[in-house]
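Work through the following exercises with the structure open beside you, and try each task before you read its solution.

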Amino acid sequence: MAFELERLVRENIRKLVPYSSARSEFTGHAGVFLDANENSFGSPLDTNYNRYPDPLQIEIKDRIAEMYGIGRGEIFVGNGSDEAIDLLFRIFCRPRIDNVIICPPTYGMYEVVANINDVPVRRSNLTNEFKLDTVAVQDSINANTKLIFLCSPNNPTGNLMDRNSILDFAGSFRGIVVADEAYIHFSDEPSLVYEINGLPNLVVLQTFSKAWGMAGLRVGLAFANERIIELFNKVKPPYNVSKPAQELIRTAIRNQTTMHETVAKIVDERKWMAANLDIYSFVVKVFPSEANFLLVKTRNVSEVYNSLLDEGIVVRNRSNITLCEGCLRITIGTPEENQALLAALTKYEESIVH
Ligand SMILES: *Cc1c(COP(=O)(O)O)cnc(C)c1O
């Protein structure tokens, strides 16, 4: 069946008259702004943030558009990519009627946001090698399936999903395929952003939280066909990205080479850590990773986890999630942090052999 965006969108959203902010009703030049109930006197801060920010984040979008060779209209900037995930549900999924497909083990927010929006989730697990089970995903699709979430590189497994499978899904599915590329900068794989032109139902998510190192600013991106981005803009809160966040993102993009240097360091550390973690007797497997973390399967995982906590080191215990029994997810830190982790594991190893 062909992809028809109009039929996919919830009726209330299709008919929605969006909020029209003071600043978007005015075009032209003016020096006196008494239209938005702002405080013209300023604030207790040194820098004045008394004016509302650009609702469409044009300057950021133009820089990103240039970076990827796409149009400004194909970019959504959100309050974290988590905002984009939530908007996808609100635009496309009728509560209790439509459903979405996720492929566990994967990012927990897809399911949480589904639950918040009262949208049923269909789980099509990855295989034991953490690959997409494309037949199972196909079988999970029914007439009310609106979104398929594919995370590549996947959190918490760290591996890429097969690119051609993602593209095949996007080519054949009449709903939306969401490719979450939160970790793409740590991988050698080219982004799927370059594919949005040919695929009107592909939404690619990226974030400034990981490779860019700006999790505290809460800025994420969605890339898609202009008609989908128009829907995001219609539904999002008018001023969803704050002015300081917009300014700092612009500065960061200007210093893009620093990001690439940091990413290269993290990738080097990841390789070094993978080799070093493999040595411990209690480590069963270090899974290959294309992200900024390693999934590590151990014996007596709770004991390992607690021995790290005793040394003041927190990792993520993923033991209770599908296919991840005995697994810790360890973020790659600075060389000092990584060495502290290895020292703590060495101490644990000594405690179990003696
Ligand atoms: C960290 C992460 C995000 C990022 O979310 P933000 O809201 O942009 O911080 C998105 N998807 C996955 C899979 C992640 O691991």
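**Exercise 1.** Decide whether Glu 311 is buried, partly exposed or exposed in this predicted model, and find which residue its side chain meets in a salt bridge.

*Solution.* Begin with the surface: the relative accessible area of Glu 311 is 36%, and since partly exposed covers the range between the 20% limit for buried and the 50% limit for exposed, Glu 311 counts as partly exposed. Next, follow the side chain of Glu 311, which meets that of Lys 347 in a salt bridge with an N to O distance of 2.8 Å. The two partners belong to distant parts of the chain, 36 residues apart, with Glu 311 in the loop between helix 12 and strand 10 and Lys 347 in helix 13. Finally, check the partner as well: Lys 347, at 49% relative accessibility, is also classed as partly exposed.

**Exercise 2.** Compare the places of two further salt bridges, one between Asp 86 and Arg 90 and one between Arg 123 and Glu 111.

*Solution.* As background, side chains of opposite charge can pair when their charged atoms come close. For the pair Asp 86 and Arg 90, the N to O distance is 3.0 Å, and both residues sit in helix 5, four residues apart, which means that about one helical turn separates them. Arg 90 is partly exposed, at 31% relative accessibility. For the pair Arg 123 and Glu 111, the closest N and O atoms are 2.4 Å apart. Here Arg 123 belongs to strand 3 and Glu 111 to helix 6, so the salt bridge ties together parts that are 12 residues apart in sequence. Both are partly exposed, Arg 123 with a relative accessible area of 47% and Glu 111 with 23%. To set these pairs in context, the whole structure holds 15 salt bridges.

**Exercise 3.** Find which residues come nearest to the ligand, and work out how much of the ligand's accessible area the protein covers.

*Solution.* Start with the shell of 13 residues around the ligand, of which Tyr 183, Thr 207, Ser 209, Lys 210 and Arg 218 come nearest. Sorted by character, the shell holds four nonpolar, five polar and four charged residues. Then look at single atoms: a polar side-chain atom of Thr 207 is 2.6 Å from a ligand oxygen, and a polar side-chain atom of Lys 210 is 3.2 Å from an oxygen atom of the ligand. With Asp 82, by contrast, it is a backbone N or O atom that lies 3.1 Å from a ligand oxygen. As the last step, take the 390 Å² of accessible area that the ligand has on its own, of which the protein covers 94%.

**Exercise 4.** Describe the surroundings of Ser 152 and the peptide bond that leads from Ser 152 to Pro 153.

*Solution.* First locate Ser 152, which is in the loop between strand 4 and helix 8 and, at 7% relative accessibility, is buried. Its side chain reaches the backbone nitrogen of Met 161 at 2.9 Å. Leaving aside neighbours within four places in sequence, the contacts of Ser 152 include Leu 160, Ile 166 and Asp 180. Ile 166 is also one of the buried residues of helix 8, and these buried residues pack against helix 7, strand 4 and strand 5. Now turn to the bond from Ser 152 to Pro 153, which is cis, with omega near -10°. For comparison, most peptide bonds are trans. A second cis bond runs from Pro 104 to Pro 105, with omega near 0°, and Pro 105 is placed in the loop between strand 2 and helix 6.

**Exercise 5.** State where Arg 96 and Asp 118 lie, and say what is notable about the phi of each.

*Solution.* Recall that most residues other than glycine have a negative phi. Arg 96, in the loop between helix 5 and strand 2, nevertheless has a positive phi of about 65°, and with a relative accessible area of 67% it is exposed. Asp 118, in the loop between helix 6 and strand 3, likewise has a positive phi, near 60°, but with a relative accessible area of 33% Asp 118 is partly exposed.

Conventions:
Residues numbered from 1 in each chain as written. Predicted model: local features only at pLDDT ≥ 70, side-chain atom pairs only at ≥ 80, totals over all residues. Heavy atoms only, no water. Salt bridge = Lys/Arg side-chain N within 4 Å of Asp/Glu carboxyl O. Helix = DSSP H or I, 4+ residues; strand = E, 2+ residues; numbered from the N terminus. Buried < 20%, exposed > 50% of the residue type's maximum accessible area, 1.4 Å probe, protein only. Contact = heavy atoms within 4.5 Å. Near = heavy atom within 4 Å. Polar contact = N/O pair within 3.5 Å; in protein donor to acceptor, adjacent residues only side chain to side chain. Areas by Shrake-Rupley, 256 points an atom, 1.4 Å probe, with all protein chains shown as cover. Nonpolar A, V, L, I, M, F, W, Y, C, P; charged D, E, K, R; others polar.
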